Amino acid sequence: MHKGYKVVKPPPVRIGGQGLLTDAEGRTLTVRPTYAEDPDHSYQLAGGHALENEWYGHAAVREVDEETGLSLSRGRLLVIDFIGAKPPSEKDEGRAAGYNFVLDFGTVPADAEIRLPAPSGAGESPELDHYLFLADDELEAHCQDYMVKRILWAKRARVSGRTAELRRGELVAW
């Protein structure tokens, strides 16, 4: 018997699908969300939360298309990164534990136009406001530590043909 929660009402878990997209020079496409506390240090892989009953692969394809305007075929799974739950505090409502699945979307064609999404409703801010192609040595200046590690492991996995299992960017299994 499971202890600590009822099987009919398990604890919440977030599922995210993200895409590793690079340019011909090997730089990684990153996007910046407008809701981040530290905008200059908040670039991340394109992607987002899966909808209810949505497979992570479909979520990654849908989110990459929504966030970049690029309709690309997805490749294989590169990284699974577990992020633990964050309890609520006076500053924010916290978040459920989550799994982020990074899939390979290959090389962005040189002539491709990247289009960030427009605001979803009148008077709303856009979800994303900027994108950058970042070389590996530029990631630290623009991304959170766990995202830098997630991106670098995804690139290693792309080359090796393996899948990296991470916990907040730290390697657990290779």
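User: Happy to look at this one with you! Where is the place of lysine 155?
Analyst: This is a predicted model, and in it lysine 155 belongs to a helix that covers residues 145-160. That element is helix H3.

User: Is lysine 155 buried or exposed?
Analyst: Good thing to check. The relative accessible area of lysine 155 is 15%, and a residue counts as buried under 20%. Lysine 155 is therefore buried.

User: Which side chain does a polar contact join to that of lysine 155?
Analyst: Leaving out residues up to four places away in sequence, lysine 155 touches Leu20, Thr22, Gly26, Thr28 and Asp136. A polar contact of 3.4 Å links the lysine 155 side chain to that of threonine 28.

User: Glutamate 54 caught my eye too. Is it buried or exposed?
Analyst: Glutamate 54 sits in the loop between strand S3 (44-49) and H1. Its relative accessible area is 19%, and the limit for buried is under 20%. So glutamate 54 is buried.

User: Which backbone nitrogen does the side chain of glutamate 54 reach?
Analyst: Let's start with its surroundings: apart from neighbours within four places in sequence, glutamate 54 is in contact with His49, Ala59 and Arg62. Its side chain also comes to 2.7 Å from a backbone nitrogen, that of leucine 51.

User: Now the aromatic residues. How is the pair of tyrosine 56 and phenylalanine 101 arranged?
Analyst: The structure has five aromatic pairs. In the one formed by tyrosine 56 and phenylalanine 101, the ring centres are 4.1 Å apart and the planes differ by 15°. Planes under 30 degrees apart count as stacked, and this pair is stacked.

User: How many residues apart in sequence are the parts that this pair ties together?
Analyst: Tyrosine 56 lies in helix H1 (residues 56-68), while phenylalanine 101 lies in strand S5 (residues 97-107). Both tyrosine 56 and phenylalanine 101 are buried, and they form one aromatic cluster with Trp55. The pair therefore ties together parts whose separation in sequence is 45 residues.

User: Which ring does the charged end of arginine 156 sit over?
Analyst: Here the charged end of arginine 156 is 4.3 Å from the centre of a ring. The ring belongs to tryptophan 153.

User: Last one, and thanks! Which element gives the largest share of the lining of the largest pocket?
Analyst: The largest pocket holds about 1100 Å³ of space, and its lining is made of 31 residues, with Arg14, Tyr35, Gln44, Arg95 and Tyr146 nearest its centre. Two or more lining residues come from each of strand S1 (13-22), S3, H1 and H3. The largest share, five residues, is given by S3.

Terms used:
Residues are numbered from 1 along each chain as its sequence is written. This is a predicted model: local features need pLDDT of at least 70, side-chain atom pairs count only at pLDDT 80 or more; totals for chains, interfaces and linings use all residues. Side-chain values use heavy atoms; hydrogens and water are left out. Helices (H or I, at least four residues) and strands (E, at least two) are DSSP runs, numbered from the N terminus. Buried means under 20% relative accessible area, exposed over 50%, partly exposed in between (1.4 Å probe, protein chains only). A polar contact is a pair of N or O atoms within 3.5 Å; within protein, one must be able to donate a hydrogen and the other to accept it, and residues adjacent in sequence count only if both atoms are side-chain atoms. Contact means heavy atoms within 4.5 Å. Rings of Phe, Tyr and Trp (its six-membered ring) pair if their centres lie within 6.5 Å; planes under 30 degrees apart count as stacked, over 60 as edge-to-face and the rest as tilted. A charge sits over a ring if NZ of Lys or CZ of Arg is within 6 Å of the ring centre and within 35 degrees of the ring normal. On a 1 Å grid over the protein atoms alone, a cavity is a set of points where a 1.4 Å probe fits but cannot get out, and a pocket is an open set with protein on both sides within 12 Å along at least five of seven lines; lining residues have an atom within 4 Å of a point. Grid points are joined across faces, edges and corners, and a volume is the space filled by probe spheres set on the points.
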